[in-house]
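Please open the model in your viewer and keep the sequence panel beside it. The tour below moves from one selection to the next and says what is to be found at each stop.

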Amino acid sequence: MTGSADSASGGVPGGSTDGIGTLVLAGTPIGDPADAPPRLAAELGRADIVAAEDTRRLRRLAQALGASVGGRVVSYFEGNESARTPELADALDGGARVLLVTDAGMPSVSDPGYRLVAAAVERGVRVTAVPGPSAVLTALALSGLPVDRFCFEGFLPRKAGERLARLREAAEERRTLVYFEAPHRLADALAAMAEAFGPERRAAVCRELTKTYEEVRRGPLAELAAWAADGVRGEITVVVEGAPERDPADLDDGELVRRVRAREEAGERRKEAIAAVAADTGVPKRRVFDAVVAAKHAPGA
């Protein structure tokens, strides 16, 4: 393997002759190297610059694929993403073919990449992708939960209060929810989910997907939280069942007020929170507004 982790600036040997570069986002295996997309090896050899979240992991992956890297290798991770993006964007402007890879999965999906894509789009640079493995879709498919409609929530906030506020905001989301979580925070996250969504809400914890010790544990959130309390290792993806549809007639004013307050705690202004709760529940906006006003003026409020 050739190349070194140095600056992205400078000449572009082998770059585009028309002065227009190309940014290639390449998916990488989430566990088993054999899952690498066939085009990845070819792109590693073709790129003028390979921007990697971890250059050592890139070298190991290239070795496992029997691929050679002909261009320069530069690091591109959370700590230097802001500073390195302009350098890479300038190289793209100069006609370079830049390949972006992260440690696992697709760049930009809870990984570095968004800033560079945005910069490339702004400059009119072509952006394309080499599709590959996705922990989000793999976990969703294995979860046993509805897959026709879902939303990806990424990582939850680390602070307990912020985490619970974020979860309460999603408590009435009817689509299946997908989260990433660190193993040492999993038990606390599942306990917070049980509090926000209800202890009986179904979920699946997907651990070490495609790896030797792959495990998918399914059950109610309270049961999964108790299991995780003993400690869990590995890469974690959590899939949670969406909220059941509820008849607006079943919602009392106290529930409407709780939902508005949860959205306010998450940072929404009251007017927007009231409108969102009305839209989510099918309850007239005026009724939600009146419930909030009444609660504000209630004794002891």
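Helices and strands are here DSSP runs, numbered from the N terminus, with at least four residues for a helix (H or I) and at least two for a strand (E). The model is a predicted one, and the residues are numbered from 1 along each chain.

Begin by selecting residues 97-101, which form strand 4, and 114-122, which form helix 4, and then look at the loop between them, where Ser108 is placed. Ser108 has a phi near 85 degrees, which is a positive value in a residue other than glycine, and with a relative accessible area of 29% this serine is partly exposed. Select Ser110 next, which is found in the loop between strand 4 and helix 4 as well. The phi of Ser110 is also positive, near 55 degrees, and Ser110 too is a residue other than glycine; at 31% relative accessibility, Ser110 counts as partly exposed.

From the loop, go on to helix 4 and add helix 3, residues 81-93, whose axis comes within 9 Å of that of helix 4 and crosses it at roughly 35 degrees. The crossing in which helix 3 passes helix 4 is right-handed. To display the contact, show the side chains of Glu81, Ser82, Thr85, Leu88, Ala89 and Leu92 in helix 3, which meet Tyr114, Arg115, Leu116, Ala119 and Ala120 in helix 4. Coloured by character, the residues of this contact divide into seven nonpolar, two polar and two charged.

Now turn to strand 7 by selecting residues 176-181, a strand that is mostly covered, six of its six residues being buried. In a regular strand the side chains alternate between the two faces of the sheet. In strand 7, Thr176, Val178 and Phe180 point one way, while Leu177, Tyr179 and Glu181 point the other way, and all of them are buried.

Which strands should be added beside strand 7, and in what sense do they pair with it? Strand 6, residues 150-155, pairs with strand 7 in the parallel sense over five bridges, and Cys151 has Leu177 of strand 7 as its bridge partner. If you follow the chain from strand 6 through helix 6, residues 160-169, to strand 7, you trace a β-α-β crossover that is right-handed. Strand 10, residues 236-240, runs antiparallel to strand 7 and is joined to it by five bridges. For a last selection, take Val178 together with Val239 in strand 10, which stands opposite.

Definitions and conventions. Predicted model: local features only at pLDDT ≥ 70, side-chain atom pairs only at ≥ 80, totals over all residues. Heavy atoms only, no water. Buried < 20%, exposed > 50% of the residue type's maximum accessible area, 1.4 Å probe, protein only. Pairing = 2+ DSSP bridges. Right-handed = clockwise from strand over helix to strand, strands pointing away. Axes fitted to C-alpha atoms, helices over the stretch in contact; angles between N-to-C directions. Left-handed = near helix turned anticlockwise from the far one by under 90°. Contact = heavy atoms within 4.5 Å. Nonpolar A, V, L, I, M, F, W, Y, C, P; charged D, E, K, R; others polar.
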